[in-house]
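Subject: The structure I promised you

Hi there,

Here is the structure I said I would pass on. Have a look at it first, and then read on for what turned up.

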Amino acid sequence: MEDGDDWIAPDKLYHVLFCFFIAITTSFLAERARYPFIRRSSICVGSIVSLAAGAAKEVADEFGFFRSAGASTKDAVADVFGTLIAALALYLYKSYFVYRRHDQSVQAKALQMV
């Protein structure tokens, strides 16, 4: 499959975007889980699900379920890249908005006590 499989191709962008949105969506869903350990590790949950979906797509390509020439290492790298971008975006989002909101609620409670 590596012949004619360019690094810069629309297919690679689709892989990056697919894994990015799977990771983001799954992470936000994990944030609303009933169990605290899932909520605490929502970025990891989203990343694992995203990588599993990318790997499943590559396995399906290799077995011929989709109209492609088979599995591609470059597609797998694009999947990992999309997942890493999502994990970084989620980490920055949580560190800025979620933790900041927690700090403000702690400050508000301290002011109420005064």
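Let me begin with one histidine. Leaving aside residues up to four places away in sequence, His15 touches Lys57, Glu58, Asp75, Ala78 and Asp79. His15 sits in helix H1, which covers residues 10-31, and its relative accessibility of 5% means that it counts as buried, the cut-off being under 20%. Please keep in mind that this is a predicted model.

**The chain as a whole**

The protein chain has four helices and zero strands, so in order from the N terminus its elements read α-α-α-α. Of its 114 residues, 28% are buried. The chain exposes about 8100 Å², and carbon and sulfur atoms supply 69% of that area. Looking at contacts between residues at least 6 apart in sequence, 69% of them join residues at least 24 apart.

**Salt bridges**

How many salt bridges does a search of the whole structure find? The search finds four. As general background, side chains of opposite charge can pair when their charged atoms come close.

Among the four are two that involve Lys12. One of these pairs Lys12 with Asp11, with the closest N and O atoms 3.4 Å apart. The other brings together the side chains of Lys12 and Asp75, at 3.0 Å from N to O. Asp75 belongs to helix H4 (residues 73-113) and Lys12 to helix H1, so this pair ties together parts that are 63 residues apart in sequence. Asp11, Lys12 and Asp75 are thus linked in a salt-bridge network.

The accessibilities in this network are worth a look. Asp75 is buried at 3% relative accessibility, and Lys12 is buried too, with a relative accessible area of 6%. Asp11, by contrast, is partly exposed at 30%. Asp75 also appears in the list of residues that His15 touches.

A further salt bridge joins the side chains of Lys94 and Glu31, 2.6 Å from N to O. This pair, too, links distant parts of the chain: Lys94 is in helix H4 and Glu31 in helix H1, 63 residues apart. Lys94 is buried, with a relative accessible area of 13%, whereas Glu31 is partly exposed at 26%.

**Helix H3 and its two sides**

Helix H3 takes in residues 42-63, which makes 22 residues. At 1.5 Å a residue it should span 32 Å, and its end C-alpha atoms are 31 Å apart, which agrees.

Which residues of H3 are buried? They are Ser42, Ile43, Gly46, Ser47, Ser50, Gly54, Glu58, Ala60 and Asp61. These residues cover an arc of only 165 degrees around the axis, which puts them on the same side of H3. In general, an α-helix has 3.6 residues a turn, so residues three or four places apart point the same way. The face of H3 turned away from the buried side carries the exposed residues Ile48, Glu62 and Phe63. Glu58, on the list of buried residues, is also one of the residues that His15 touches.

Cys44 lies in H3 as well, and it is partly exposed, with a relative accessible area of 49%. Cys44 and Thr26 are 18 residues apart in sequence, and their C-alpha atoms are 9.7 Å apart in space. After H3 comes Gly64, whose phi is positive, near 85 degrees.

**Back to helix H1**

Two leucines of this helix are worth pointing out. Leu29 lies in H1 and is exposed, with a relative accessible area of 60%. Its C-alpha atom is separated by 8.1 Å from that of Ser42, which is 13 residues away along the chain.

Leu17 also lies in H1 and counts as partly exposed, at 36% relative accessibility. Together with Leu13, Tyr14 and Phe21, Leu17 makes a nonpolar surface patch of about 430 Å².

If you open the model, you could start with the network of Asp11, Lys12 and Asp75 and then turn to the buried side of H3.

Happy browsing, and best wishes

Definitions and conventions:
Residues are numbered from 1 along each chain as its sequence is written. This is a predicted model: local features need pLDDT of at least 70, side-chain atom pairs count only at pLDDT 80 or more; totals for chains, interfaces and linings use all residues. Side-chain values use heavy atoms; hydrogens and water are left out. The expected span of a helix is 1.5 Å times one less than its number of residues. Buried means under 20% relative accessible area, exposed over 50%, partly exposed in between (1.4 Å probe, protein chains only). The arc is that of the directions from the helix axis to the C-beta atoms. Contact means heavy atoms within 4.5 Å. Patches are made of residues with over 30% relative accessible area and no salt bridge: like charges are joined within 9 Å, nonpolar side chains (Val, Leu, Ile, Met, Phe, Trp, Tyr) within 5 Å. Accessible areas come from the Shrake-Rupley method with a 1.4 Å probe; for residues, only the protein chains shown count as cover.
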